Amino acid sequence: PEDIEGDLTKVLVTEEQIHDRLNELAAQIDADYHDKDVLLVGVLKGAVMVMADLARALSIPLDMDWMAVSSYGASTKSSGVVRILKDLDAALEGRHVLIVEDVIDSGVTLSWLRENLLSRGPASVEICALLRKPDAAKVEVDVKYVGFEIPNDFVVGYGLDFAEKYRNLRSVGILAPHVYE
Ligand code: PRP
Ligand code: MN
Ligand code: MG
């Protein structure tokens with residue numbers, strides 16, 4: 001097979017830019033949570049890369065847990081119906097929760113997830129997302145830590161997939177239309 005980078009029309013965010021920005025966000029998070037015990041909640045599967053790199057950029061003590069959620073069918077994402085495929089292992093009572101995501105697209109996933117986690121009695125729930133597409137927003141989500149705002153293009157890489165492929169790209173780029181048309 002061809003090198004997967006050849007399926008991109010453009011690199012939007014380079015590996016180095018991701019690395020530098022995650023270090024900046026980690027410094028903010030280190031400061032904001034210096035006196036708190038934080039639980040990072042990664043949203044499978046897209047958040048795997050940002051979780052792994054953000055967690056290692058942080059200096060504070062932390063726990064990591066994972067959730068997998070799914071909209072009911074790819075075409076009905078805007079319905080706002082989300083279901084849990086894999087729940088957290090940790091209980092959230094009194095915990096400071098920081099949700100870690102790769103991208104906010106419509107906002108449906110994160111607005112639902114924040115409400116769901118808030119219902120479990122945590123001390124706080126904040127969100128860290130590497131990417132946000134403001135032009136795709138259907139629901140406004142209050143995100144404390146954002147890496148990059150990007151245009152509403154079909155992007156892949158660094159956790160983001162097309163049909164489960166391209167998650168292992170080290171950068172984030174726009175997928176060439178010939179791949180999905
Ligand atoms: C993608 C992405 C976010 C979500 C954002 O996940 O990783 O979790 O969609 O979209 P939204 O803001 O419109 O809800 P996806 O459902 O593709 O699952 P994956 O992480 O396993 O790829
Ligand atoms: Mn996801
Ligand atoms: Mg996906």
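Let me start at one pair of residues: Leu8 stands opposite Leu175 in strand 9. This is a predicted model, so please take everything I say today as computed from that model.

That pair belongs to the contact between strand 1 and strand 9, which run antiparallel and are joined by four bridges. Together with strand 8 they form an open sheet of three strands, in the order 1-9-8, with antiparallel pairing. Strand 1, residues 8-13, and strand 8 are the edges of that sheet, each pairing on one side only.

Now the chain as a whole. The protein chain has four helices and nine strands. Read from the N terminus, the elements go β-α-β-α-β-β-β-α-β-β-β-β-α. The C-alpha trace spans about 50 × 35 × 30 Å along its principal axes. For 181 residues, a compact globule would have a radius of gyration near 16 Å, and the protein chain agrees with that, at 16 Å. Of the 181 residues, 29% are buried. If you take contacts with a separation of 6 or more, 64% of them are between residues 24 or more positions apart.

Next, strand 5, residues 96-104. Eight of its nine residues are buried, so strand 5 is largely enclosed by the rest of the structure. What does strand 5 pair with? On one hand there is strand 2, running parallel to strand 5 and joined to it by five bridges. Within strand 5, Val100 has Gly42 opposite. On the other hand there is strand 6, also parallel to strand 5, with eight bridges between them. There, Leu98 stands opposite Glu126 of strand 6.

Strand 5 also brings us to the core. The largest nonpolar core has 39 residues, and Leu54, Ile99, Val100 and Cys128 touch the most other members. Several elements supply at least two residues each to this core, among them helix 1, helix 2, helix 3, strand 5 and strand 9. As background, nonpolar side chains tend to be buried together in soluble globular proteins. Take Ile99 as an example. Leaving out residues up to four places away in sequence, Ile99 touches Val41, Val43, Leu110, Leu113, Arg114, Val125, Ile127 and Cys128.

Two helices deserve a word here. In helix 2, residues 48-57, the buried residues are Met49, Val50, Met51 and Leu54. They pack against helix 1, strand 2, strand 3, strand 5 and strand 6. In helix 3, Val108, Thr109, Leu110 and Leu113 are buried. Those residues pack against strand 2, strand 3, strand 4, strand 5 and strand 6. The spacing of such positions is worth recalling: an α-helix has 3.6 residues a turn, so residues three or four places apart point the same way.

Now the ligand. Which residues come nearest to ligand 1? Of the 15 residues around it, those are Lys45, Gly46, Asp105, Ser106 and Thr109. Strand 2, strand 5 and helix 3 each supply at least two residues of the shell. The largest share, four residues, comes from strand 5. By type, the shell divides into five nonpolar, four polar and six charged residues. Thr109 appears twice in this talk: it is buried in helix 3, and it is among the residues nearest to ligand 1.

Lys45 needs a second look as well. Lys45 lies in the loop between strand 2 and helix 2. The peptide bond from Leu44 to Lys45 is cis, with omega near 0°. For reference, most residues other than glycine have a negative phi, and most peptide bonds are trans.

That leaves two residues with positive phi, Ala163 and Tyr166. Ala163 has a phi near 50°, and Tyr166 has one of about 80°. Ala163 lies in the loop between strand 8 and strand 9, and the loop between strand 8 and strand 9 also holds Tyr166. Is each of them buried or exposed? Ala163 has 8 other C-beta atoms within 10 Å, and 12 or fewer counts as exposed, so Ala163 is exposed. Tyr166 has 22 within 10 Å, and 20 or more counts as buried, so Tyr166 is buried.

If you open the model afterwards, I would put three places on screen: Ile99 with the residues it touches, the cis bond from Leu44 to Lys45, and the loop between strand 8 and strand 9 that holds Tyr166.

Terms used:
Residues are numbered from 1 along each chain as its sequence is written. Chains are lettered from A and ligands numbered from 1 in the order in which they are written. This is a predicted model: local features need pLDDT of at least 70, side-chain atom pairs count only at pLDDT 80 or more; totals for chains, interfaces and linings use all residues. A residue is near a molecule or strand if its C-beta atom, placed from the backbone, lies within 6 Å of it. Ala, Val, Leu, Ile, Met, Phe, Trp, Tyr, Cys and Pro count as nonpolar, Asp, Glu, Lys and Arg as charged, and the others, Gly among them, as polar. The radius of gyration is taken over C-alpha atoms; the globule rule is 2.2 Å times the number of residues to the power 0.38. Two residues are in contact if their C-beta atoms, placed from the backbone, lie within 7 Å. A nonpolar core is a set of buried Ala, Val, Leu, Ile, Met, Phe, Trp, Tyr and Cys residues joined through C-beta atoms within 7 Å. Two strands pair if DSSP finds at least two bridges between them.
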